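Biologist: Could you walk me through one charged spot in this protein, close up? I'd like to know what pairs with what, and how well covered the partners are.

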Amino acid sequence: MYYSDEIIEEVRSRNDIVDVISTYVKLQKKGSSYFGLCPFHNEKSPSFSVSRQKQMYYCFGCGAGGNVFTFLMEYENYTFVEALKYLADRAGVELPEEEYSREAKERADTRAILLEINKAAAQYYYIQLKSSRGAVGLEYFKKRKLSDETIKAFGLGYSNKYSDDLYRYLKSKGYKDDMIAKAGLISIDEKNGVYDKFWNRVMFPIMDVNSRVIGFGGRVMGDAKPKYLNSPETMIFDKSRNLYGLNRARRTKKPYFLLCEGYMDVISLHQAGFTNAVASLGTALTPGHAALIHRYVQEVYLTYDSDGAGTRAALRAMPILRDAGITAKIIRMEPYKDPDEFIKNLGAEAFEERIASARNVFMYSLEVLEKDYDMNSPEGKTEFMKETARRLTQFEEEIERNNYIEAVAKAYHVGFEELRKLVAKMAVQTGLAKPAERPREIQNNRKNKKEDGILVSQKVLLTWLIESEEIFHQIEKYITPEDFSEGLFRKVAELLYEQYEKHEANPAQIMNHFTDEEEHREVAGLFHTKIKELTTVKEQEKALQETILRVKEHSIEEATKNLDPTDIQGLQRLMNEKRKMQDLRTLHISIN
């Protein structure tokens with residue numbers, strides 16, 4: 001759906017960023033800005049600043065920054081349009097009716113109805129749990145030592161023994177059979193007719209990151225099979241891309257998640273104060289899960305069951321997490337099976353100790369591997385070290401690989417150099433060794449590094465220009481938007497220059513022009529590029545001068561490379577730009 005720049009700016013300007021963020025973060029005024037603890041990373045001293053004047057926020061600790069739309073997109077995991085609608089509703093701005101194709105409208109309507117049905121079902125199950133019919137379910141939760149507050153917080157419920165109770169309830173609410181079936185709550189066949197998918201089970205509503213019910217898990221009362229039953233995949237429920245408890249865990253102040261196997265593990269940990277616990281939904285960890293986790297944290301502690309199945313699940317999860325850029329550690333549960341049992345028997349303090357002593361995932365995998373070899377015989381230990389060396393070849397970064405070689409060598413009492421040579425040998429044998437770089441590849445790598453450096457310089461310069469209109473007026477005749485790379489960089493520079501020329505500097509408004517989620521976040525980064533700490537004004541002025549020269553030099557290089565020899569006007573422009581370059585070298589740019 002397209003919304004005009006005017007309506008987007010009206011919504012943004014009607015939602016003061018300090019007022020909006022104050023509902024999420026406790027802010028205290030210091031000078032012209034407001035400061036608080038950053039909601040995007042764990043910190044003890046406030047480094048999260050919000051500017052009412054600029055209508056922007058920035059964290060000096062983790063680099064998060066943007067306008068009021070960015071904040072909601074990051075904090076609530078909203079799309080740009082979802083953030084726009086939320087803020088429009090908050091400010092009483094009426095958005096124009098969305099123009100859907102017939103197919104898109106039908107799909108949107110179906111999604112909305114399925115969410116309504118799931119919400120109604122969750123409310124029904126909760127009410128049943130509190131009724132006389134749900135006594136057996138409530139007793140089960142109480143035996144598991146869950147408090148009333150926890151039961152309410154997670155919306156736990158009960159589906160009674162009558163196999164069409166929920167169906168009749170939803171029909172009374174006006175929902176049609178086909179929609180109830182699409183929600184995964186009933187089954188229909190010729191022999192039995194219509195019957196509930198869940199009955200005689202305690203119920204665990206599954207919510208998306210915005211706390212909307214998208215499915216259910218049910219644990220049977222008694223010995224019937226299956227013990228646990230999950231909703232089937234639907235238009236709104238993809239179990240490979242959702243995590244149980246994420247709607248609560250994403251607000252954690254801790255820099256890591258506790259990754260569990262089951263619903264009760266997550267609930268018990270949350271009740272004990274470990275509000276960063278999540279679980280996959282009745283399936284092994286997938287790349288989709290790992291990508292979802294990576295949005296919020298870069299470290300995970302695996303709390304899988306201590307039995308053989310749990311160990312195998314942990315070993316399968318390791319490469320998936322690593323490929324997603326997530327560091328993983330293993331928490332040992334012995335002598336108990338899972339976090340739920342551990343917490344109930346030893347308590348939260350003991351679990352904190354287990355977190356502190358968590359094992360590195362790779363080293364843990366070697367402990368498991370040892371069981372397949374006779375470590376007391378020279379032959380057995382040699383074969384073990386060969387397999388270990390083969391696994392060490394998986395680390396592509398040389399410094400990381402050497403660090404692990406050093407750790408393994410120390411743990412298994414072998415020489416570092418001998419193990420390093422064995423790893424190199426295994427890499428060649430398995431085809432994982434990379435050929436030495438040829439001269440052309442070296443040149444390409446240098447070129448890529450140079451290009452990356454230019455982009456950083458352009459980002460830094462944009463950040464400086466956003467911060468100071470005075471800097472803009474000193475360099476506007478030397479540096480133009482055309483000196484920035486194509487795409488976002490140039491577009492942002494063009495918008496910023498237009499604002500300064502009209503004396504209407506408004507970086508928060510510039511971000512409105514980028515409604516694609518990835519572009520929006522990238523532009524937010526352009527406005528908050530980390531500049532190396534410079535202690536004196538003289539150092540800052542020198543760094544700014546060097547940055548400007550670097551940007552201009554690159555611009556001239558590109559223009560020279562692309563110049564048509566027959567283009568006389570182009571040649572004259574290039575000569576003029578080179579004269580500007582000479583003037584820039586002697587120009588003193590002051591920072592007030």
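Modeller: Sure, let's start with Arg 133, which makes a salt bridge with Asp 165, their closest N and O atoms sitting 2.7 Å apart. By salt bridge I mean a side-chain nitrogen of Lys or Arg within 4 Å of a carboxyl oxygen of Asp or Glu. The two partners come from distant parts of the chain, 32 residues apart: Arg 133 is in the loop between helix 5 (102–130) and helix 6 (135–143), while Asp 165 belongs to helix 8. Helices here are DSSP runs (H or I, at least four residues), numbered from the N terminus.

Bear in mind that this is a predicted model, where local features need pLDDT of at least 70, side-chain atom pairs count only at pLDDT 80 or more, and totals for chains, interfaces and linings use all residues. Residues are numbered from 1 along each chain as its sequence is written, and side-chain values use heavy atoms, with hydrogens and water left out.

As for cover, Asp 165 is buried at 7% relative accessible area, whereas Arg 133 is partly exposed at 43%. Buried means under 20% relative accessible area, exposed over 50%, and partly exposed in between (1.4 Å probe, protein chains only). The pair isn't on its own, either: Arg 133, Asp 164, Asp 165 and Arg 168 are linked in a network of salt bridges.

Now follow helix 8 along, residues 165–172: its buried residues are Asp 165, Leu 166, Tyr 167 and Leu 170. After helix 8 comes Gly 174, with a positive phi near 95 degrees.

How values were computed:
Helices (H or I, at least four residues) and strands (E, at least two) are DSSP runs, numbered from the N terminus.
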